[in-house]
Amino acid sequence: MLDKLLFRYIGHAKKYIVISVILMMLKVVGSFFIAFSIGGIIQGMFSSAAGYLGANIPLFLLGAVLRSGCLYLVTRYQTKITGEVKTNLRMEMIAKVMRVGPAYLNYTSTSNMMNMGSDTIEQLENYYGRFLPQFFGSFGMSAVTFAVLISVNRQTGLLFLVLAPVVPLILKAILERVSRKQKEYWRSYQDVGQLFLDSLQGMTTLKIFSADEKRAEEIHEKSEIFRTETMKILKMQLNSITVIEWIAYGGSVALIALGLSHTPFTVQSLRSIIVLAFIAMEAFSPMVTLISSFHVAMTGVAAGKQLIDFFDLPEQDDAHKKEVESISGGITVRELDFSYPGSDRKVLDRVNAEFTSNGYTSVVGASGSGKTTLVRLLTGQLNGGEEAIFWGGHAYCVYKKQSITENMIRIAHDAHIFEKTIRDNLLMGKSTATDQDLIEALKTVQLYDEVEPRGGLDLFIKSGGSNLSGGQKQRLVLARAILHDAKVYVLDEASSNIDAESEAVILQVIEEMAKKKIVILVSHRLYAGKNAKNIYVLDEGRLVEEGRFTELVKGEGIYQRMWQAQDRLERGLGL
């Protein structure tokens with residue numbers, strides 16, 4: 001019933017659970033005070049004793065305040081528990097992503113990450129905020145109830161001691177079945193959510209190809225599966241709660257019947273009878289509440305399994321490793337082989353390459369040749385090449401992964417621009433930069449004159465950069481990268497799908513950066529890499545050609561054929 005993996009992320013919320021348990025136990029004490037005072041008042045009325053109101057009214061008020069106050073405070077502390085835990089989980093999630101780096105995409109998808117960060121953690125609110133306090137509190141409240149009953153009537157107390165464990169035992173018996181059903185329910189929920197998110201992101205494409213009706217049918221089918229799983233869960237919850245309530249109410253009746261049969265019905269015993277009846281009726285209510293919170297919590301546990309699996313992704317121990325200090329010696333690839341997990345196909349086959357400053361290096365090849373894989377390995381976004389890629393004579397495995405990623409920037413054609421001002425986006429590259437530094441960066445990529453009339457640094461960028469052209473977005477990304485002042489820049493199709501003017505600016509900036517930095521250009525457009533000091537040509541994962549443009553274009557290899565094909569195409573399109 002208690003998930004140890006989830007429990008380890010509870011953090012400082014443990015103290016709130018302890019306080020909640022104490023408050024629940026005090027609530028039972030408050031109930032006892034109420035019953036005891038009412039019994040005293042009734043007994044005083046029948047015995048005509050003097051002063052019975054003065055002795056019992058304050059006790060009744062104390063019990064009422066204690067009971068209601070504890071209920072209120074338990075709710076408050078449950079809110080604190082959920083707030084603390086949700087913060088802990090989200091902080092751990094962010095920290096894990098930062099430690100694993102972009103390689104996290106090898107294990108999960110962006111939509112799954114969004115689900116985990118929102119719905120999954122929200123579902124866990126019921127586990128941490130409701131179930132855990134109630135789990136421990138039900139045993140604490142039962143202990144106080146037992147103490148009261150045993151003091152009133154020994155036989156009743158012993159019967160409660162026998163009946164009390166029945167509910168937890170039943171709970172344990174249905175746990176396996178509930179867990180299995182909850183996993184199926186949560187899996188169907190995620191399927192619907194991911195399909196809906198994917199459809200929303202691709203709405204334009206679905207409309208263009210008139211595929212929206214078919215996708216709507218798919219969503220309907222997934223939704224129907226989710227509805228079926230939901231009804232199964234609800235049916236199981238109602239059945240188990242009904243059974244437990246029958247046991248609880250039957251147990252209360254048994255306690256009262258046994259207590260009355262062993263208690264003489266006299267005026268002197270009226271108080272004991274009333275206390276017995278009052279406490280017996282509430283004796284099993286904590287366990288009934290536990291069952292209700294248990295079913296809700298199990299949904300959170302099923303959801304949390306995926307989050308825990310993410311937290312348990314392998315990490316390298318970098319404490320003893322080195323920091324990257326300079327680019328002297330450049331980056332060297334030696335006999336690099338790579339295959340994706342679960343596949344025997346070599347995506348890269350014995351690749352050897354060298355990347356240095358004083359001029360940029362270009363990597364070209366047809367689609368599927370291994371360019372992107374090589375780039376992801378070079379930038380540390382993909383694990384598997386740490387012993388075959390060297391920086392300054394030392395293999396990647398010698399360096400801290402964070403140090404590699406901090407000193408190497410990959411600029412892709414779809415690099416993200418945040419829904420903030422231009423200033424905010426640029427400050428991500430260098431948080432200490434002044435406005436003048438930001439303006440100089442914009443001028444370097446010839447963007448300042450275009451945005452200055454629209455607000456300059458204060459221009460607010462809409463979602464996805466929709467109020468900027470493709471070329472402007474790419475130049476803004478490049479300006480942000482320049483501010484970061486990394487040692488290595490990898491431009492992965494950074495000049496694709498933009499206007500000729502922006503492409504020319506980017507290529508000019510690349511050539512200037514390459515004088516002091518290591519710059520690697522990956523582009524399907526061979527024209528972009530004409531001025532590279534060295535060009536590597538990949539084909540089906542193998543390095544088949546290398547050299548300068550003038551050498552390769554005169555040869556009779558793959559590069560020449562690719563160049564001629566592109567040249568004919570661009571001439572035909574009038575580019």
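Which residues of helix α5 (residues 154-163) are buried? In this predicted model, the buried positions of α5 include Thr156, Gly157 and Phe160. Viewed down the helix axis, the buried residues of α5 fall within an arc of 100°, so they line one face of the helix. Arg154 and Val162 are exposed, and they sit on the face of α5 turned away from its buried side. The N-terminal end of this helix is capped by asparagine 153, which places a side-chain oxygen 3.2 Å from the backbone nitrogen of glutamine 155.

Turning to the strands, an open sheet is formed by 6 of them, and following the sheet across gives the order β6-β7-β8-β3-β9-β10, with mixed pairing. The edges are taken by β6 (408-412) and β10 (542-547); each has a single partner strand, so one side of each is left without a neighbour in the sheet. On average, and with direction ignored, neighbouring strands of this sheet are turned by 20° against each other.

Within this sheet, a helpful place to look is the pairing of β3 with β8. Strand β3 (residues 361-365) joins strand β8 (residues 518-522) in the parallel sense, over 3 bridges. Here valine 363 stands opposite valine 522 of β8. Strand β8 also has a helix lying across it: α17 (residues 500-513) lies across both β7 (488-492) and β8, and runs at about 145° to β8.

Methods:
Residues numbered from 1 in each chain as written. Predicted model: local features only at pLDDT ≥ 70, side-chain atom pairs only at ≥ 80, totals over all residues. Heavy atoms only, no water. Buried < 20%, exposed > 50% of the residue type's maximum accessible area, 1.4 Å probe, protein only. Helix = DSSP H or I, 4+ residues; strand = E, 2+ residues; numbered from the N terminus. Arc of directions from axis to C-beta. Polar contact = N/O pair within 3.5 Å; in protein donor to acceptor, adjacent residues only side chain to side chain. Pairing = 2+ DSSP bridges. Axes fitted to C-alpha atoms, helices over the stretch in contact; angles between N-to-C directions. Contact = heavy atoms within 4.5 Å.
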